[in-house]
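Biologist: Could you walk me through this structure? I would like to begin with what surrounds the ligand.

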Amino acid sequence: NKQVILKNYVKGFPKESDMIISSDNSISLKVPEGSNGVLLKNLYLSCDPYMRNLMSEPKDTVGGLPSYAPGHPIGGYAVSKVVDSEHPKFKKGDLVWGTTGWEEYTLNKSPDSLFKIDHTDVPLSYYTGLLGMPGMTAYAGFYEICKPKEGEKVFISAASGAVGQLVGQFAKLMGCYVVGTAGSKEKVDLLKDKFGFDEAFNYKEEADLDKALKRYFPEGIDIYFENVGGKMLDAVLLNTRLHARIAVCGMISQYNLEQPEGVHNLMHMIYKRVKMEAFTVIDFYHQYPKFLETVLPLIREAKITYIEDTAEGLENGPAALVGLFSGRNVGKQLVVIAHE
Ligand code: NDP
């Protein structure tokens with residue numbers, strides 16, 4: 001059973017060498033009788049920024065999730081196949097998505113939180129992104145937190161990524177004016193040509209983010225979907241419209257800093273009566289059936305598109321994961337271990 005093992009707790013930017021590939025052949029391919037567990041063959045692993053948090057020493061993690069243990073496999077969201085089951089809800093051959101180990105096989109002793117995959121007329125890998133956790137994040141964050149109205153002016157950071165590309169497309173379907181920012185020309189082109197954003201710019205080429213935002217939003221921003229934090233948030237605060245909403249989804253620019261940057265322009269929230277609300281996707285999973293009802297038809301009618309960046313093989317997992325923090329990924333980053 002090949003695994004991706006955390007070597008030691010991580011400080012600062014994660015490196016590929018913080019993880020090693022190892023084999024544990026002690027796993028049995030049968031679930032103990034009467035145990036309620038399932039044995040999963042993991043197919044597609046999802047690379048997600050929050051996984052960095054779990055690589056920190058327990059005292060440094062935020063959000064109450066337990067750190068990974070050095071010497072043991074890391075874990076995250078994935079699409080897996082049930083190869084043996086003692087749980088009444090799952091049978092051999094079922095496809096599921098949810099959290100699992102970064103390894104070929106995982107014995108899940110309490111599989112109640114796994115989602116069964118019933119619709120396989122779309123790519124199975126989508127359940128790591130568009131139809132999985134990042135998709136639900138985009139859906140909950142945009143509709144529930146931003147509460148968009150037709151014609152509003154929407155700005156999205158990390159816009160070409162797993163969550164951002166979908167938020168932008170939801171906003172376009174709603175009839176909003178949508179601008180995204182990303183860290184390369186290739187990504188900026190994708191935002192405009194593939195995802196239908198009205199405008200996009202490379203934040204790395206802008207010496208003055210406030211000026212850049214004034215160029216694209218001369219009348220200000222109604223909705224900011226926050227994925228990066230730091231200087232971008234500060235610039236947005238200078239450019240909000242009356243009653244703007246900021247959905248704080250993530251702040252990836254801060255995850256590897258020992259001392260997070262300060263935010264200086266919060267006072268502007270008062271002048272503009274801005275509502276800033278943070279959220280985590282796990283509070284919205286009860287809406288998953290409604291989400292599928294909305295999004296599956298949009299995929300089938302080609303009203304939504306999705307770009308994935310696929311690494312082949314568990315050996316390439318560590319590089320794919322740490323690549324999120326340098327913007328190496330173009331679209332949703334995943335790792336294929338097996339196709340079935
Ligand atoms: P992405 O697919 O967007 O990958 C991360 C991207 O972030 C990189 O490709 C890079 O793109 C950008 N990035 C990395 N470092 C920086 C930096 N210092 N400054 C600006 N941009 C940077 O990731 P996801 O779509 O999966 O996640 C997006 C955000 O949503 C993250 O903050 C994540 O933590 C958050 N999230 C929150 C959830 C919740 O429940 N609240 C659930 C899921 C995700 P580029 O080339 O454009 O710089």
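Modeller: Before the classes are counted, here is how they are drawn: Ala, Val, Leu, Ile, Met, Phe, Trp, Tyr, Cys and Pro count as nonpolar, Asp, Glu, Lys and Arg as charged, and the others, Gly among them, as polar. Please also keep in mind that this is a predicted model.

Biologist: Okay, so how do the residues of the shell around the ligand divide into those classes?

Modeller: The shell holds 15 nonpolar, 12 polar and 3 charged residues.

Biologist: And which residues are closest to the ligand?

Modeller: Of the 30 residues that surround the ligand, the closest are Gly161, Gly183, Gly250, Ser253 and Gly327. The elements that give two or more residues to this shell are α1, residues 133-146, and β15, residues 332-336.

Biologist: Where does the ligand lie with respect to the domains?

Modeller: The ligand lies between domain 1 and domain 2, because both of them give residues to the shell around it. The chain is divided so that domain 1 takes in 2-129 + 307-336, while domain 2 covers 133-282. Taken over C-alpha atoms, the centres of the two domains are separated by 28 Å. Their contact takes 15 residues from domain 1 and 17 residues from domain 2, and the side of domain 1 that touches domain 2 has 6 nonpolar, 6 polar and 3 charged residues.

Biologist: Back to α1, then. Is α1 mostly enclosed or open?

Modeller: Helix α1 is largely enclosed by the rest of the structure, because 12 of its 14 residues are buried. Among the buried ones are Met133, Pro134, Tyr139, Phe142 and Cys146. From its first C-alpha to its last, α1 reaches 18 Å, which is close to the 20 Å expected at 1.5 Å a residue.

Biologist: What comes just after α1?

Modeller: Just after α1 comes Lys147, which takes a positive phi of about 45°. Most residues other than glycine have a negative phi. Lys147 is found in the loop between α1 and β8, and it counts as partly exposed because it has 13 C-beta neighbours inside 10 Å.

Biologist: Which other residues have a positive phi?

Modeller: One of them is Ala302, which follows α7 and has a phi near 60°. Helix α7 itself, residues 288-300, reaches 18 Å from its first C-alpha to its last, close to the 18 Å expected for its 13 residues. Another is His243, whose phi is about 65° although it is not a glycine. His243 is found in strand β12, and it counts as exposed because there are 10 other C-beta atoms within 10 Å.

Biologist: While we are on β12, what does Arg241 touch?

Modeller: Arg241, which also has its place in β12 (residues 240-248), touches Glu219, Gly220, Ile221, Asp222 and Lys272, if residues up to four places away in sequence are not counted. Arg241 is partly exposed because it has 16 C-beta neighbours inside 10 Å.

Biologist: Changing topic: on β6, are the faces covered or open?

Modeller: Both faces of β6, residues 105-108, are covered: Tyr105 and Leu107 are buried on one side, and Thr106 and Asn108 are buried on the other. In a regular strand the side chains alternate between the two faces of the sheet.

Biologist: How many bridges join β6 to β3?

Modeller: There are 4 bridges between β3, residues 38-46, and β6, and the two strands run antiparallel. Among the bridge partners, Leu40 is matched with Thr106 in β6.

Definitions and conventions. Residues numbered from 1 in each chain as written. Predicted model: local features only at pLDDT ≥ 70, side-chain atom pairs only at ≥ 80, totals over all residues. Buried ≥ 20, exposed ≤ 12 C-beta atoms within 10 Å, placed from the backbone. Pairing = 2+ DSSP bridges. Domains from an automatic or database assignment. Contact = placed C-beta atoms within 7 Å. Expected span 1.5 Å × (residues − 1). Near = placed C-beta within 6 Å.
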